[in-house]
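New to this one? Here's a quick briefing to read alongside the sequence and the 3D view.

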Amino acid sequence: MNLPTHIGIIMDGNGRWAQRRGLPRVEGHKAGVTALEKIVEHCGKLGIPYLTVFAFSTENWRRPAHEVRAILNLLTKTAQEKLPKLLENNVQTRFMGRLDRFPIWIRRHLRKVQEATKNNTGLILTVAVNYGGRSEIVDAVNKILHNGIRKVDEESFRRFLYYPDLPDIDLLIRTSGEFRISNFMLWQLAYTELWITPTLWPDFTPEELDRAIADYTKRERRYGGLIQSQ
Ligand code: IPE
Ligand code: IPE
Ligand code: MG
């Protein structure tokens, strides 16, 4: 079976999950953390090399300040609390996005987790925070200009992305039934297989991930070419 090397997830639907239960939206985000924990563990067990999850977009600042604050506090608290488990499970964790927009105390906590797990050899978990696909490309172009480079090709351009070691995403999962990319990893999604499910993120389970992967393994990826037998 040809498992995906890199799975991306747009973890959407936390707010609706909470609203349906008459709870404040932040409860949905908390439930989303629990769902993520199980998925990280499951990807580790399956031997998936890379998992990249979208936790906070450059556009999410448009939300009310109290929700933004709640999400960022939850992110920081989770990173701190889950560090022992990440170490135990050999998960290398890193954060991707314009982290310089965050207050120093948040950055310090995220950096600590990143440093502490950097030599782990299991799953590479990349958490996209204050991340935008367009920002990533614009930041790459600015690094290229800053280095005085006058010409790039696709291979050399890739070296200026936030994490050049991240391969293209093989399988992208989006929960909550929205049929859009919402500015996630525009460069790395060029030939990605998509799996869109109506399940709200807090209800997403390892079993559903297995179904998404099973479906992926049956797909024929052609990259613009023709199938082998033709
Ligand atoms: C995804 O859930 C989490 C973030 C974007 C931070 P939402 O908060 O977008 O939940 P819905 O889409 O409003 O249900
Ligand atoms: C995408 O979800 C971003 C994250 C999951 C972090 P949104 O809820 O922000 O996306 P839109 O607004 O529905 O496109
Ligand atoms: Mg949403």
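What follows is a short tour, from the whole chain down to a few aromatic rings.

Keep in mind that this is a predicted model. The chain has seven helices and six strands, and it is as compact as a globular protein of its length, because its radius of gyration of 18 Å is close to the 17 Å that the globule rule gives for 230 residues.

**Overall layout**

- If you walk along the sequence, you'll meet helices and strands in the pattern β-α-α-β-α-β-α-β-α-α-β-β-α.
- Picture a box of roughly 55 × 45 × 35 Å along the principal axes: that is what the C-alpha atoms of the chain fill.
- Take the contacts between residues at least 6 apart in sequence: 74% of them join residues at least 24 apart.

**Inside and outside**

- Of the 230 residues in the chain, 48% are buried.
- The accessible surface of the chain adds up to about 12300 Å², and carbon and sulfur atoms account for 52% of it.
- The chain carries 34 positive and 26 negative charges, and the mean positions of the two sets sit 6 Å apart.

**Aromatic rings**

- You can find nine aromatic pairs in the structure.
- One of them is F54 with Y131: the ring centres are 5.9 Å apart and the planes meet at 85°, so this pair counts as edge-to-face.
- Since F54 belongs to strand β2 (residues 50–57) and Y131 to strand β4 (residues 124–131), the pair ties together parts that are 77 residues apart in sequence.
- Both F54 and Y131 are buried.
- Y131 also pairs with F184, again edge-to-face, with 6.1 Å from centre to centre and 75° between the planes.
- This second pair links distant parts of the chain too: Y131 is in strand β4, while F184 is in the loop between β5 (171–174) and β6 (193–196), 53 residues away.
- Like Y131, F184 is buried.
- Put together, F54, Y131, Y162 and F184 make up one aromatic cluster.

**A question to try on the 3D view**

- Which strand holds Y131, and where does its partner F184 lie? Y131 is in strand β4, and F184 is in the loop between β5 and β6.

Key. Residues numbered from 1 in each chain as written. Chains lettered and ligands numbered in written order. Predicted model: local features only at pLDDT ≥ 70, side-chain atom pairs only at ≥ 80, totals over all residues. Heavy atoms only, no water. Helix = DSSP H or I, 4+ residues; strand = E, 2+ residues; numbered from the N terminus. Rg over C-alpha atoms; globule rule 2.2 N^0.38 Å. Buried < 20%, exposed > 50% of the residue type's maximum accessible area, 1.4 Å probe, protein only. Contact = heavy atoms within 4.5 Å. Areas by Shrake-Rupley, 256 points an atom, 1.4 Å probe, with all protein chains shown as cover. Lys, Arg positive; Asp, Glu negative; His and termini not counted. Charge placed at Lys NZ, Arg CZ, Asp CG, Glu CD. Phe/Tyr/Trp six-rings, centres within 6.5 Å; stacked < 30°, edge-to-face > 60°.
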